[in-house]
Amino acid sequence: MKAKSGDFVLPGDFLGVSEEFVPAEGAYDDEGDIKAMVVGTVSLDDKNKRIFVVPQAGSPPVLKKNTTIIGHIMEVRGQRALVKIHAIKDNPRKLVVSFVGGIHVSQADKGYLAKLTDAFHIGDIIEARITKVVGLDNIDLKTSQKDLGVVKAMCTRCRHFMKQTGKNEVTCPNCDNKEKRKISVNYQV
């Protein structure tokens with residue numbers, strides 16, 4: 001049964017199907033089923049075929065295009081780095097659910113990047129900008145701007161946090177290991 005305008009819903013509640021509506025704020029697509037992302041009231045836009053969930057209590061942070069996020073690198077493989085998203089930058093409220101995003105090698109840095117491991121390694125804390133959101137686990141990110149990229153790098157040998165020693169180079173104070181990264185201008189020592 002699809003939800004009607006004015007229905008009260010909880011996160012994960014079924015709202016409709018993607019053949020009928022496009023999920024808007026407060027809703028997401030889960031393999032063709034549109035579900036609520038927040039506690040709130042359903043609002044249907046029949047003209048544009050969009051379905052919203054208006055939050056019941058304040059506005060929780062919502063991931064949308066051009067939002068800057070903070071996360072850590074979970075995996076780097078081939079052409080894509082997976083990022084566990086922890087927060088929206090400059091927003092004190094926690095995210096409603098856990099999100100994972102991806103950075104394609106073409107979106108990691110300006111210009112040509114031969115290997116994605118020249119930009120990121122597992123454990124690095126990054127700031128990235130959202131370029132596209134499709135559901136909970138299909139979020140495209142980019143770090144090609146100066147203010148985006150690694151803000152805290154983790155040594156691949158001893159797992160200590162590293163100090164910036166060059167434009168795109170970090171050095172471990174514990175084991176003197178030197179590595180490349182796509183470093184943000186907001187890098188923290």
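Q: Which residues touch the most other members of the largest nonpolar core?

A: A nonpolar core is a set of buried nonpolar residues joined through their side-chain atoms. In this predicted model, the largest such core has 42 residues, and those touching the most other members are L15, L63, I69, I103, F120, I126 and L141.

Q: Which elements give two or more residues to this core?

A: They are strand 4 (27-30), strand 5 (33-36), strand 7 (50-55), strand 8 (68-77), strand 9 (80-88), strand 10 (99-104), strand 11 (125-133) and strand 12 (139-142). The most is given by strand 9, with four residues.

Q: Which residues does L63 touch, apart from those up to four places away in sequence?

A: Two residues are in contact when heavy atoms of each lie within 4.5 Å. On that reading, L63 touches I69, I85, I88, L95, F99, I130, V133 and I139.

Q: Is R181 buried or exposed?

A: A residue is called buried when its relative accessible area is under 20%. R181 has a relative accessibility of 1% and therefore counts as buried. This residue is placed in the segment after strand 16 (178-180).

Q: What does R181 contact beyond its neighbours within four places in sequence?

A: The contacts of R181 include D118, A119, F120, H121 and D124, and also V150, A153, M154, T156, M162, N168 and V170. F120, one of these partners, also belongs to the group that touches the most other members of the largest core. In addition, the R181 side chain makes a polar contact of 2.6 Å with the side chain of E179.

Q: Where is T171 found, and why does T171 count as buried?

A: T171 lies in strand 15 (residues 169-171). Its relative accessibility is 12%, so T171 counts as buried.

Q: Which contacts does T171 make, leaving aside neighbours within four places in sequence?

A: T171 is in contact with M162, K163, T165, D176, N177 and K178. With T165, the side chain of T171 shares a polar contact of 3.0 Å, side chain to side chain. A distance between C-alpha atoms can be read as well: those of T171 and A153 are separated by 9.2 Å, the two residues being 18 apart along the chain.

Q: Which residues form a nonpolar patch on the surface?

A: F8, L10 and V39 form such a patch, and together they have about 260 Å² of accessible area. Within this patch, V39 is placed in the loop between strand 5 and strand 6 (40-45). V39 counts as partly exposed because its relative accessibility is 33%, a value that falls between the 20% and 50% limits.

Methods: Residues numbered from 1 in each chain as written. Predicted model: local features only at pLDDT ≥ 70, side-chain atom pairs only at ≥ 80, totals over all residues. Heavy atoms only, no water. Buried < 20%, exposed > 50% of the residue type's maximum accessible area, 1.4 Å probe, protein only. Polar contact = N/O pair within 3.5 Å; in protein donor to acceptor, adjacent residues only side chain to side chain. Core = buried A, V, L, I, M, F, W, Y, C linked by side-chain atoms within 4.5 Å. Patch = residues over 30% accessible without salt bridge, like charges linked within 9 Å, V, L, I, M, F, W, Y side chains within 5 Å. Areas by Shrake-Rupley, 256 points an atom, 1.4 Å probe, with all protein chains shown as cover. Salt bridge = Lys/Arg side-chain N within 4 Å of Asp/Glu carboxyl O.
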